[in-house]
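Here are some notes for a first look at this structure. Please read them with the model open beside you.

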Amino acid sequence: MIIIDNYIGGSFHKPESGQYLDNVNPAVGEVFARTASSSSKDLEEAVRAATAAFDEWSRKTLAQRSKILHKLADLIDENLEDLARAESQDNGKPVALARRVDIPRAAANFRFFASAIINESSEAHVMEGEAVNYTRRAPLGVVGCISPWNLPLYLFTWKIAPALAAGNCVIAKPSEVTPYTAFLLCQLANEAGFPPGVLNVLHGRGAEIGQLLVDHPEVKAISFTGGTQTGRIIGQAAARQFKKVSLELGGKNPVVIFDDCHFEEAVRTTIESSFTNQGEICLCGSRIFIQEGIYERFKAAFVDRVRALKVGDPSKEVDMGALVSREHMEKVDTYVAGARTEGGKILTGGKRITLMNGFYYEPTVIEGLDEFCQINQEEVFGPVVTLIPFTDESDVVKKANSTPYGLAAVIWTENLKRAHAVAHQIKSGIIWINCWMLRDLRTPFGGMKSSGVGREGGSEALRFFTEPQNICVKL
Ligand code: NDP
């Protein structure tokens with residue numbers, strides 16, 4: 001049995017309570033690891049370690065910090081296979097996907113911010129003949145990073161990399177459902193040369209140790225990715241202490257397919273945007289709006305391809321592995337049952353797959369429901385999409401904007417004028433035109449409306465993890 005302990009002050013520590021949580025491999029439904037269940041005593045120890053390390057870490061030159069981050073990126077690359085297998089075992093995703101996307105992107109996160117701090121330009125404002133102002137960006141101190149279970153290492157590093165690069169000390173809490181790769185990363189952090197206390201990782205339940213982290217007065221900022229409901233709780237708690245908070249939350253992302261799209265590419269990529277990682281990506285498109293003229297043709301081609309998707313043992317060559325947990329699988333199934341009750345027609349899928357005692361679900365396509373039905377309003381976060389016809393631009397803009405969410409959208413058309421016009425009207429933080437998941441780490445990343453507050457990525461992340469200080473010098 002693997003034991004996942006906390007990482008505090010550069011070494012592994014058993015939780016003060018002596019309590020552990022079961023960690024299940026969703027592909028086979030069996031416990032494979034026990035994870036520390038942390039309490040306030042563990043948090044106090046982590047805060048002490050992080051506070052003590054801050055002076056040394058924040059005084060390091062950018063080049064010194066950059067070198068350590070680069071080293072960690074190299075170590076992730078060297079351990080690609082082990083990390084990919086661990087991610088799959090913990091989350092249920094295909095090993096091949098973790099090998100191709102999750103783990104390389106985790107390394108890329110460190111590499112990107114290692115370079116970004118060196119290449120960032122600074123601001124100066126000259127008052128003619130009188131003075132010069134320059135802006136210094138100082139690290140905040142001890143910061144908290146809370147990440148979800150769907151892209152465990154990828155999103156964990158997406159937060160801790162900019163936080164560390166900017167000179168902060170971090171206390172991170174990965175999801176209790178998928179703590180394994182964060183644990184393995186701590187071993188690599190020691191090898192990379194992070195001074196003890198710069199990175200600390202506490203495991204346990206979100207509502208317990210996560211909430212304590214948010215509430216701790218010495219933790220100066222919280223970067224959170226997760227569900228909208230949890231984001232609301234965290235936002236309220238942080239506001240009481242005027243704590244900086246970045247919230248990356250859920251989505252109900254529209255995919256808009258105009259009749260002048262590149263048909264083949266639109267079908268192929270919409271399969272990916274619907275079912276990659278079992279549909280458990282906040283950026284997956286879940287409401288597919290198809291212009292009336294090609295509705296039937298698109299539906300036939302799309303459903304055909306969905307039926308051909310291979311679901312099964314994530315260690316094999318499959319398109320989809322297992323959902324992350326039994327509870328999540330049941331939640332997905334409840335949404336599908338609700339869609340049936342509301343009059344939705346299941347074109348393919350719609351039920352669990354019994355396999356190896358794991359949590360598998362068929363890729364599911366539903367039609368016949370308007371944009372206000374429950375399944376078109378709430379985030380399912382699984383392999384379930386709906387098809388909805390539309391007439392013209394104004395009709396689809398209205399439909400696309402009809403949820404409380406505004407994270408991502410995809411537009412398929414060969415008419416770029418139309419693509420831009422529609423992109424400007426859809427209320428989403430990220431819009432892809434004729435593509436999906438093409439990510440440039442320099443771009444601002446985040447959602448509008450109930451999909452989030454603030455932006456991450458590139459300079460936005462470095463700004464979040466620093467405090468600007470204006471210094472005015474008389475000439
Ligand atoms: P949750 O909101 O349940 O959990 C996210 C993280 O917060 C976990 O580490 C969780 O711990 C922790 N947590 C839970 N409650 C609290 C609390 N009261 N205080 C502090 N921390 C807490 O989300 P999921 O893990 O279920 O992730 C899925 C959600 O994440 C989806 O809604 C998805 O859209 C969203 N997401 C958003 C992304 C974006 O960039 N906008 C990207 C990826 C996912 P634990 O798991 O241990 O309970």
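In which sense do strand β14 and β19 pair, and over how many bridges? Points 1 and 2 deal with this.

1. The model is a predicted one. Start with strand β14, residues 285–291. β14 and β19 pair in the parallel sense, over five bridges. For a concrete pair, find Q291, which stands opposite F390 in β19.

2. β19 has a pairing with β18 as well. Strand β18 covers residues 364–367, and its pairing with β19 is parallel, over four bridges. Here E367 is a good marker: its bridge partner in β19 is L387.

3. Is β19 enclosed or open to the outside? The strand spans residues 384–390. Six of its seven residues are buried, so β19 is largely enclosed by the rest of the structure. Buried here means under 20% relative accessible area.

4. Now turn to the ligand. There are 30 residues around the ligand. Those that come nearest are S147, T230, L249, C282 and E379.

5. Look at the ligand's oxygen atoms next. T230, one of the nearest residues, has a side-chain N or O atom 2.6 Å from a ligand oxygen. In the side chain of W149, an N or O atom lies 2.8 Å from an oxygen atom of the ligand. G206 takes part through its backbone: a polar atom there is 3.2 Å from a ligand oxygen. Taken alone, the ligand exposes 890 Å², and the protein buries 88% of that.

6. Another sheet deserves a look. Three strands form an open sheet, in the order β6-β7-β25, with antiparallel pairing. Its edge strands are β6 (124–127) and β25 (466–474), each pairing on one side only. On average, neighbouring strands of this sheet are turned by 25 degrees against each other, direction ignored.

7. Within that sheet, follow strand β7, residues 131–139. β7 and β25 pair in the antiparallel sense over nine bridges. One bridge to check joins R136 to its partner Q469 in β25.

8. Last, a single residue. V95 lies in helix α4, which runs over residues 95–119. Is V95 buried or exposed? V95 has a relative accessible area of 4%. The limit for buried is under 20%, so V95 counts as buried.

9. What does V95 touch, leaving out residues up to four places away in sequence? The contacts are A84, R85, S88, P314 and S315. Take A84 as an example. V95 and A84 are eleven residues apart in sequence, and their C-alpha atoms are 5.8 Å apart in space.

Conventions
Residues are numbered from 1 along each chain as its sequence is written. This is a predicted model: local features need pLDDT of at least 70, side-chain atom pairs count only at pLDDT 80 or more; totals for chains, interfaces and linings use all residues. Side-chain values use heavy atoms; hydrogens and water are left out. Buried means under 20% relative accessible area, exposed over 50%, partly exposed in between (1.4 Å probe, protein chains only). Contact means heavy atoms within 4.5 Å. Two strands pair if DSSP finds at least two bridges between them. Axes are lines fitted to C-alpha atoms, for helices over the stretch in contact, and angles run from 0 to 180 degrees between N-to-C directions. A residue is near a molecule or strand if one of its heavy atoms lies within 4 Å of it. A polar contact is a pair of N or O atoms within 3.5 Å; within protein, one must be able to donate a hydrogen and the other to accept it, and residues adjacent in sequence count only if both atoms are side-chain atoms. Accessible areas come from the Shrake-Rupley method with a 1.4 Å probe; for residues, only the protein chains shown count as cover.
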